[in-house]
Amino acid sequence: MKTKAAVLFEFGAPWSIEEVDLDPPAEGEVLVAWEASGLCHSDEHLRLGDFGGPIPEVAMIGGHEGAGRIVEVGPGVRGLKEGDHVVASFIPACGRCRFCATGQSNLCDLGALLMTGTQPDGTFRRRVNSKNVGAMSFVGSFSQYGSIPEASVVKIDDDIPLARACLLGCGITTGWGSAVNTAAVEPGDTVVVWGCGGIGSGAIQGARVAGAEHIVAIDLVESKREKAMQFGATHFVTSVEEATALVAELTRGVMADSVILTVGVLRGTMIEEGLNMTRKGGAVVMTAIAPITDQAVTMSMGAATLFQKRVLGSLYGEANPRADIPRLLRLYRNGQLLLDEVVTAEYKLEDITAGYDDMLSGRNIRGVMVHQH
């Protein structure tokens, strides 16, 4: 079948809207009609080459934060049927590897293939002008349709708006889990969330529901203050210097229990700045992505040892998507998790460049691409 998609042909190039030839689902796959896709900063990292990867050898369809409905089920698929509503999990959960079997689905072994563009079996389902085209994270939700591994989708209830449910495929789940799982926020904690975008909004909400007393949001864009407070921040500042002084005042010099880094691009100097806001025994959580070639980190190793401070990586918020996505959508349904408020604007596929311009300029908390079929 034919589908329209945003394709990246080389690093640094703009997204190109192309007609793509799509094969039907093979063994263990489903054909999904994508209804919506979040415009996540990770796709901008892909475009710029921050992950490395096969481009320009293999062009790539972007999009990994998607939601849609199943229109065809391939052989061997169990538990899914035509008409089911699903959210993409940008990291698949095979259910069989060591990490899935021990409750760490976010570290599923299939994740090693996410940036190759292939399906898990090493083949392709998409072509442009007879040349193979990959799909980011097996998902490629910057397309109207996709043949997707069963391991990469999670069935959800039909009453949840897909243009909001898509946020659970990456951003909100990642931010929420960074606070609840990785930082292990407890009632009465002081938490700093550095970056109030699609992931930061989830981290703020996770800290709020976990019972944090003080939630200090940092963002360079002053206009995000109102949204940050709506999500649950108790304080909002526009610089690290302000945040450090404020945290010292709020905690009588003890400092924050955790600092969660959810900025658009992680820089090595942010680790030291985060540690300076963190108490003895506290944690800096690295959720934001840095370019894969950036290996320069600034921090006092002596202080980390002497004050027992921790620097923790957090992938997908340490989530188990088959359990956590439905759970978070239940919280959305009962009003404890805000999703509608996270979406600043909706875009058509053809407006993808404008959507990313809005993200990079700080105008959006999260933009969502809504597909026309």
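Let me start with a single side chain: Glu346, at 45% relative accessibility, counts as partly exposed, and in this predicted model the Glu346 side chain meets that of Arg164 in a salt bridge, 3.1 Å from N to O. Arg164 belongs to helix α3 and Glu346 to strand β17 (residues 343-347), so the pair ties together parts that stand 182 residues apart in sequence. Arg164, for its part, is buried, with a relative accessible area of 15%.

There are 19 salt bridges by the rule used here, and I will take two more of them. Glu29 pairs with Arg125, the closest N and O atoms being 3.0 Å apart; because Glu29 sits in strand β3 (residues 29-38) and Arg125 in the loop between α2 (98-101) and β7 (126-128), this pair ties together parts 96 residues apart in sequence. Glu29 is buried at 3% relative accessible area, and Arg125 also counts as buried, at 7%. In the other case, Arg327 and Asp324 meet at 2.4 Å, N to O, and both lie in helix α10, 3 residues apart, which is about one turn of the helix. Here Asp324 counts as buried at 10% relative accessibility, whereas Arg327 is partly exposed at 44%. Besides these pairs, Lys2, Glu19 and Asp21 are linked in a network of salt bridges.

Now to the domains. The assignment for the chain gives domain 1 (1-168 + 337-368) and domain 2 (171-314), and their centres, taken over C-alpha atoms, are separated by 28 Å. How many salt bridges are counted between domain 1 and domain 2? The count is 0, although 19 residues of domain 1 are in contact with 20 residues of domain 2, and the area buried between them is about 1,600 Å², with carbon and sulfur atoms giving 62% of that area.

That leads to the nonpolar side chains. The largest nonpolar core has 57 residues, and those touching the most other members are Ile156, Leu167, Ile204, Ile325, Leu329, Leu337 and Leu339. Several elements each supply at least two residues, among them β10 (153-156), α4 (171-182), α5 (198-210) and α10 (321-333), and the largest share, 5 residues, comes from α10. Both domain 1 and domain 2 give residues to this core, so it lies between them. Apart from it lies another core of 22 residues, including Ala6, Val20, Ile55 and Met60.

Ile204 brings us to helix α5. Setting aside neighbours within four places in sequence, Ile204 is in contact with Val193, Cys196, Ile215, Ala217, Ala228, Phe231, Gly232 and Ala233. Of the 13 residues of α5, 11 are buried, so the helix is largely enclosed by the rest of the structure, and those buried residues pack against α4, β11, β12, α6, β14 (256-261) and β18 (366-370). As a check on geometry, at 1.5 Å a residue α5 should span 18 Å, and its end C-alpha atoms are 19 Å apart, which agrees. Gly211, with a positive phi near 100°, follows the helix.

Finally, a word on backbone angles. Most residues other than glycine have a negative phi. Gln308, however, has a positive phi near 55°, and Tyr316 has one of about 55°. Gln308 is placed in the loop between α9 (301-306) and β16 (310-313), while Tyr316 lies in the loop between β16 and α10. Which of the two is buried or exposed? Gln308 is exposed, with a relative accessible area of 62%, whereas Tyr316 counts as buried at 1%.

Terms used: Residues numbered from 1 in each chain as written. Predicted model: local features only at pLDDT ≥ 70, side-chain atom pairs only at ≥ 80, totals over all residues. Heavy atoms only, no water. Core = buried A, V, L, I, M, F, W, Y, C linked by side-chain atoms within 4.5 Å. Buried < 20%, exposed > 50% of the residue type's maximum accessible area, 1.4 Å probe, protein only. Helix = DSSP H or I, 4+ residues; strand = E, 2+ residues; numbered from the N terminus. Domains from an automatic or database assignment. Contact = heavy atoms within 4.5 Å. Expected span 1.5 Å × (residues − 1). Buried area = accessible area lost by both parts, 1.4 Å probe. Salt bridge = Lys/Arg side-chain N within 4 Å of Asp/Glu carboxyl O.
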